[in-house]
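Student: Please take a close look at a single part of this model, the strands with their turns and the helices packed around them. I would like one connected account.

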Amino acid sequence: MKFTCEKALLCEAINNVLPAVSSKSTLIALEGILISCKNQELTCTSYNLELGISKTIEVQSSEDGAVILNASLLSNIVNKMPNGMVTITCDEKLLTVISCNEVEFTILGLNAAEFPDMPAVEGDQSFSLPAFLLKSMISKTLFAISQNDQNPVHTGSLFDLNDGILHVVSVDGYRLAMRKEKINLMNQLKFVVPGKTLSEIVKLLSKITGDDDDDQVGVHVSKKHICFSVSGYQVISRLLEGEFINYKNAIPKESLTTVQVETKAFLDSINRASIIINERAKSHIRCSFLDSEIKVFCETALGKISDSVHASCDGPEVVIGFNNRYMADALKACECENICLRMNGPISPIKIEPIDDDSFLYLVLPVRLNS
């Protein structure tokens with residue numbers, strides 16, 4: 001195998017497939033990147049048996065072939081090469097020479113046959129959507145994914161596609177986050193993608209696309225796996241199995257108290273109250289929703305704070321307590337200047353929605369306050 005390509009292009013491909021490299025495995029091949037050259041194209045592939053990432057780039061090739069190279073070693077070598085054209089040559093004994101200008105490294109690779117095959121995602125269950133939209137839908141719900149393996153299916157986000165509406169939903173037992181968008185597909189489709197995969201998708205899209213780009217992400221779903229395709233990258237992941245919570249039943253249909261407030265003002269107040277909350281000085285925030293203001297109060301071993309935020313309240317006054325971080329996470333994810341809070345008393349979930357549409361919805365469960 002022998003090929004030449006621009007250092008920056010090779011660096012991007014190698015660095016962006018690194019997240020799927022196994023850090024420690026009984027199968028040494030999984031700690032490497034499969035470098036495969038064919039028909040003037042180079043494909044870099046990493047796979048840890050749960051998540052696989054590949055990237056295909058154009059190169060100048062004089063000899064096709066494939067080899068597995070240690071991921072950490074390869075990344076360090078290529079990233080520290082001088083700018084210019086990098087040439088990689090591998091002989092039949094897997095001795096691999098990486099050179100650029102006057103710099104030359106020689107390392108030993110592994111037989112490409114030792115690299116496990118990534119799952120083939122087959123079937124006609126597929127759709128596409130703009131990269132910036134997928135990134136927004138994931139990032140605005142990722143925070144509510146469960147970190148507890150007690151119910152493994154909740155360590156991922158549910159993708160629920162029905163009649164041209166895609167819902168992305170995350171729950172962790174204390175809160176719920178949902179984003180909703182119209183897409184051009186009328187099929188019915190449900191699947192749960194692991195949170196670790198979604199986190200890597202967001203990182204990858206942030207690196208290779210912008211909010212104004214026209215890049216489309218192709219999503220292909222089989223019974224047990226999913227493949228995201230964008231800009232020469234393929235991200236393949238297993239899907240989570242199990243019964244996801246019926247999120248529609250978990251959302252209160254009506255509310256007695258409705259509060260409209262400026263998002264940033266309310267978040268700033270929550271952040272100020274959080275100053276006196278830490279692992280040693282734990283406490284919940286107490287909010288009183290009155291006619292024209294929200295009174296925020298918190299007291300811990302470190303001190304106490306009282307604050308108020310102007311708001312428009314309709315319905316019975318409510319005094320409610322909640323976890324400061326859960327509320328702050330939801331407010332940070334809101335994409336509008338003003339939000340609507342809906343409540344049915346001190347022990348019902350706080351529903352957070354935009355005022356003018358239904359593009360997102362967050363639920364934060366309350367905590368019981370001592371009288």
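**Hairpins, sheet and packed helices**

Tutor: Strand 8 and strand 9 form a hairpin with two residues between them, and Asn 101 in the turn has a positive phi of about 55°. The model is predicted, and the angles and contacts below are computed from it. Strand 8 and strand 9 (residues 103-108) run antiparallel and are joined by six bridges. Within that pairing, Ser 99 has Glu 104 of strand 9 as its bridge partner.

Strand 8 (residues 95-100) is also joined to strand 7 (residues 85-90), by four bridges and again in antiparallel fashion. Here Ser 99 of strand 8 stands opposite Thr 87. Strand 7 and strand 8 likewise form a hairpin, with four residues between them, and in this turn Leu 94 has a positive phi of about 70°.

Next comes the open sheet. Its eight strands are ordered 6-2-3-4-17-16-15-10, with antiparallel pairing. Strand 6 (65-70) and strand 10 (125-130) are the edge strands, each pairing on one side only. From one strand to the next, the twist averages 15°. At the strand 10 edge, six bridges connect strand 10 to strand 15 (residues 216-221), and the two run antiparallel. In this pair, Pro 130 is opposite Gln 216 of strand 15.

Two helices pack on the sheet. Helix 1 (residues 7-17) touches strand 2 (32-38), strand 3 (41-47), strand 4 (51-58) and strand 17 (233-238), and the direction of helix 1 makes about 170° with that of strand 4. Helix 2 (residues 71-79) touches strand 2 and strand 6, with its direction at about 95° to that of strand 6.

A helix pair completes the account. The axes of helix 3 (residues 131-139) and helix 4 (residues 195-208) come within 10 Å and cross at roughly 140°. Helix 3 and helix 4 are therefore oblique to each other, and their crossing is left-handed. On the helix 3 side, the contact is made by Ala 131, Leu 134, Lys 135, Ile 138 and Ser 139; on the helix 4 side, by Leu 198, Ile 201, Val 202, Leu 205 and Ser 206. The residues of this contact divide into seven nonpolar, two polar and one charged.

Further along the chain, UniProt (unreviewed entry) places the feature "domain: DNA polymerase III beta sliding clamp C-terminal" at residues 249-368. That span is 20% helix and 43% strand, and its end C-alpha atoms lie 22 Å apart.

Technical notes
Residues numbered from 1 in each chain as written. Predicted model: local features only at pLDDT ≥ 70, side-chain atom pairs only at ≥ 80, totals over all residues. Heavy atoms only, no water. Axes fitted to C-alpha atoms, helices over the stretch in contact; angles between N-to-C directions. Parallel < 35°, antiparallel > 145°, perpendicular 65-115°, else oblique. Left-handed = near helix turned anticlockwise from the far one by under 90°. Contact = heavy atoms within 4.5 Å. Nonpolar A, V, L, I, M, F, W, Y, C, P; charged D, E, K, R; others polar. UniProt positions renumbered as here; feature names shortened; annotations may be inferred. Pairing = 2+ DSSP bridges.
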